[in-house]
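Please work through the exercises below with the sequence and the coordinates open beside you. Each task is followed by a solution that goes step by step.

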Amino acid sequence: MAKQDRAIRTRQNILEAAAVVFDQKGYDAATITEILARAEVTKGALYFHFTSKEELALAVIDAQVTQAPPMPYMPTKSKMQELVDMGMLFAHRLADDALLRGSVRLTLEHGSTSLNRSGPFNGWSQLHTQVLAEGLERGEVLPHVVPADTAELLVGAYAGINTMSQAINNRADLERRASVLYEHVMPSVVVPSVLARLDMAPGRGARALAEAERLREATVREAAAEAAEAERAGTPVGVA
């Protein structure tokens with residue numbers, strides 16, 4: 001088990017080091033030598049996990065969706081707020097998530113044609129489609145909306161503002177651009193009563209994380225209070 005854990009950590013270390021190099025240099029200019037130096041591993045260790053630079057780059061690209069943290073759980077949040085939060089949290093994470101930045105660089109750059117860059121587009125489109133379909137079932141989405149079409153529109157438009165923000169100011173204004181995107185698109189997707197409650201303003205990513213943390217802390221306090229009360233009563237927690 002310890003050996004397996006070490007192998008998992010080594011693979012993740014290589015993946016994160018490669019993401020930094022790919023983000024700085026792009027796919028074509030990045031070298032295995034630079035990745036090895038940053039990861040501080042041997043060539044044998046790298047090739048044990050990845051057979052080529054292309055396979056390593058594809059793993060970095062796929063990590064954009066496969067290693068995305070789960071959405072903060074808030075039971076009162078609407079599905080359409082969840083949809084907005086996907087984009088706002090993405091912009092928030094880009095500020096300090098090296099693996100995500102490397103994945104985005106590889107996904108959006110126009111370099112080597114040998115890389116299959118479709119994974120994140122398909123993955124995010126599927127996630128958006130699922131949330132929109134659930135929102136439609138709940139009555140949050142206007143009846144004319146086709147979830148798959150709207151999902152592809154949002155993902156494609158987001159890729160565009162991401163590219164534009166990167167070119168202009170290294171994504172310093174990505175959250176603002178995402179906010180503008182949602183403010184223009186969501187009125188044609190969401191029923192007015194839900195639209196009025198959506199938080200689409202810049203900084204929503206940080207606010208969503210803070211709300212989730214407050215909820216987690218409240219849940220921990222409630223569990224501790226229940227345990228303390230049960231101990232005083234001499235009754236196991238959860239037993240009537």
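The exercises move from the whole chain to its domains and then to single contacts.

The model is predicted, so that local features need pLDDT of at least 70 and side-chain atom pairs count only at pLDDT 80 or more, while totals for chains, interfaces and linings use all residues. Residues are numbered from 1 along each chain as its sequence is written, and side-chain values use heavy atoms, with hydrogens and water left out.

**Exercise 1.** Determine the secondary structure of the protein chain.

Solution. Take helices as DSSP runs of H or I with at least four residues and strands as runs of E with at least two, numbered from the N terminus. The protein chain then comes to 11 helices and zero strands. Along the principal axes, its C-alpha atoms fill a box of roughly 60 × 55 × 30 Å.

**Exercise 2.** Describe how domain 1 and domain 2 meet.

Solution. Begin with the bounds, which come from an automatic or database domain assignment: domain 1 covers 1-63 and domain 2 covers 67-219. Their C-alpha centres lie 27 Å apart. Next, with contact meaning heavy atoms within 4.5 Å, 18 residues of domain 1 touch 19 residues of domain 2. Then turn to buried area, the accessible area (1.4 Å probe) that two parts lose on being put together, summed over both; between the domains it is about 1,500 Å², and carbon and sulfur atoms give 61% of it. Of the area that domain 1 buries against domain 2, Asp-23, Tyr-27 and Ile-61 supply 38%, more than any other three residues.

**Exercise 3.** Find the salt bridge between the two domains and one within a helix.

Solution. Require a side-chain nitrogen of Lys or Arg within 4 Å of a carboxyl oxygen of Asp or Glu. The whole structure yields 15 salt bridges, and the count between domain 1 and domain 2 is one. Asp-23 pairs with Arg-101, the closest N and O atoms being 3.6 Å apart. For the helical case, Lys-79 forms a salt bridge with Glu-82, where the closest N and O atoms are 2.8 Å apart; both residues lie in helix H5 (residues 79-94), three residues apart, about one turn of the helix.
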